[in-house]
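Let's walk through this fold together, one question at a time. Have the viewer open and follow along as we go.

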Amino acid sequence: MNSYFADLHIHIGQTSSGKPVKITASRNLTLENILIEASEHKGIDMVGIIDCHVPEIIVTLQHLIDSGECIELKDGGIRFQNTTLILGSELEIYDKTCKGPIHVLVFMPTLQKMKELSSWLSSRLTNITLSSQRIYEDGKTLQRFVKQRDGLFIPAHIFTPHKSLYGSGVVSSLTEVFEADLIDAVELGLSSDTKMADQITELHKYTYITNSDAHSLPKIGREYQKLTMKETSFLELKKVLKKEDGCKIEANYGLNPYLGKYYDTTCEKCGEKPEKHLTRCSKCGSIRFTKGVFNRLQELASDVENKYDRPPYIHQVPLQFIPGIGPKTLDKLKDLFGTEMNILHEIPKHELQNVVTEKVANYIVAAREGRLQVTSGGGGTYGKVTGM
């Protein structure tokens, strides 16, 4: 068994020919750039690219395989250099059982199976060339289609206020919209962690995954997991989620929930965080609030303790969040020490000080050990690191 880093939620900004895929993502977030960034700069062993249903992306992947730049693995997944690509798609469910839109991730083992999914989706999406599109089909039918082709089905960023399973009141139970036995894992999102999620009893039996939801190259790896498995293939990932044959998540690495954009309830007009039970903003008078993950979980929480073992959840602070580390400093660190995973987890303080000040080196070590002080985010604004 070996340990590998995996980030399973990365968007494509545009195709190689310049056509948009994820409208809100960076234009340099192409398939090729993602693979290079993950393998050569981030040190991520496995990436889930969740716009692989787009026909031009499928054509590009086939070209990379035919040219020998990528290799399709016999147990699923596509290898590029030191990184395995897991073929995924993010879709929006809004069927008759939902009170609001819900994003889900589906992953297929092979390019052929992804082609089948793309063909099936083509008559159920308004625009198959774009990311995160609403599928005009009910969620349970999608689940069954994916499972019949040995795929994985995972509700995405399940607590964020917008377009998520629990959201701001979309559902009280996942069984309202999905078949519970056809869910392989749930994705926590950037404003929650294991302890927070385990307040919901029906989630206790599921594996939790933590991913970046990257909309730009620097955001890749801001949340990830360390996996114990034999190799980086789709089959081994499936075993990890099912905890089979010794495969498991060794640790989840995610933002301190305070750093997430939706931890606290926040006034949509001025950004003020209201006192408990206030229905009108004391600063600007607005009555419109974006409900925070913390507050939503208080509505759903039970006092039933989780009896299942969980891997440690390590509050990871990406290098871009650390005061004193700008793009030029980050480039210098990577030039000397290689990947960001290496800098975050391995390089001792005295070596870091060859590039950065003692204060910045202390910040990196404190981030590694979970000792940073942060202020909470909300309403679409990230929290901030304030000290050690």
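Q: Which residue of S11 is the bridge partner of Ser-3?
A: In this predicted model, strand S1 covers residues 2-10, and five bridges join S1 to S11. The two strands run antiparallel. Within that pairing, the partner of Ser-3 is Thr-228.

Q: Which residue of S12 is the bridge partner of Lys-226?
A: S11 also pairs with S12, again through five bridges and with the strands antiparallel. S12 itself spans residues 248-254. Following the ladder from Lys-226 into S12 brings us to Ala-251.

Q: Which residues point the other way from S11 than Tyr-224, Lys-226 and Thr-228?
A: In a regular strand, side chains alternate between the two faces of the sheet. Tyr-224, Lys-226 and Thr-228 point one way from S11. On the other side we find Gln-225, Leu-227 and Met-229.

Q: How many of the residues of S11 are buried?
A: To count as buried, a residue needs a relative accessible area under 20%. The residues pointing either way from S11 are all buried, and the strand is described as mostly covered. The count is six of six.

Q: Where is Arg-222, and is this residue buried or exposed?
A: Arg-222 sits in the loop between strand S10 (208-209) and strand S11 (224-229). Its relative accessible area is 7%, and the limit for burial is under 20%. Arg-222 is therefore buried.

Q: Which residue offers a backbone oxygen 2.8 Å from a polar atom of the Arg-222 side chain?
A: Leaving aside neighbours within four places in sequence, the contacts of Arg-222 include Leu-190, Leu-255, Pro-318 and Tyr-382. Ser-212 and Asp-213 are also in contact with Arg-222. The backbone oxygen at 2.8 Å belongs to Ser-212.

Q: How far apart in space are Arg-222 and Thr-210, C-alpha to C-alpha?
A: Along the chain, Arg-222 and Thr-210 are twelve residues apart. In space, their C-alpha to C-alpha separation is 9.3 Å.

Q: What is the phi of Asp-213, a residue that is not a glycine?
A: Most residues other than glycine have a negative phi. Asp-213, in the loop between S10 and S11, has a positive one. This residue is buried, with a relative accessible area of 19%. Its phi is about 50°.

Q: What is the phi of Asp-245, and where does this residue lie?
A: Asp-245 is another residue other than glycine with a positive phi. Its relative accessible area of 55% makes it exposed, because the cut-off is over 50%. Asp-245 lies in the loop between helix H6 (234-242) and strand S12, and its phi is near 55°.

Q: Which residue forms a salt bridge with Asp-245?
A: Side chains of opposite charge can pair when their charged atoms come close. Here the closest N and O atoms are 3.3 Å apart. Asp-245 is exposed, while its partner counts as buried at 17% relative accessibility. That partner is Lys-239.

Q: Which residue forms a salt bridge with Lys-273?
A: Lys-273 is partly exposed, with a relative accessible area of 35%. The closest N and O atoms of the pair are 3.5 Å apart. The partner counts as buried at 17% relative accessibility, and its name is Asp-264.

Q: How far apart are the closest N and O atoms in the salt bridge of Lys-74 with Asp-75?
A: Lys-74 counts as exposed at 78% relative accessibility. Asp-75 is partly exposed, at 25%. Their closest N and O atoms are 3.3 Å apart.

Q: How many salt bridges does the structure hold?
A: Some residues are linked in a network of salt bridges, as with Lys-42, Lys-334 and Glu-340. For the structure, the number of salt bridges is 21.

Q: Which helix gives the largest share of the largest nonpolar core?
A: This core has 101 residues, and Ile-102, Leu-142, Phe-159, Tyr-166 and Leu-203 touch the most other members. The largest share, six residues, comes from residues 358-368, which form helix H11.

How values were computed. Residues numbered from 1 in each chain as written. Predicted model: local features only at pLDDT ≥ 70, side-chain atom pairs only at ≥ 80, totals over all residues. Heavy atoms only, no water. Helix = DSSP H or I, 4+ residues; strand = E, 2+ residues; numbered from the N terminus. Buried < 20%, exposed > 50% of the residue type's maximum accessible area, 1.4 Å probe, protein only. Contact = heavy atoms within 4.5 Å. Polar contact = N/O pair within 3.5 Å; in protein donor to acceptor, adjacent residues only side chain to side chain. Core = buried A, V, L, I, M, F, W, Y, C linked by side-chain atoms within 4.5 Å. Pairing = 2+ DSSP bridges. Salt bridge = Lys/Arg side-chain N within 4 Å of Asp/Glu carboxyl O.
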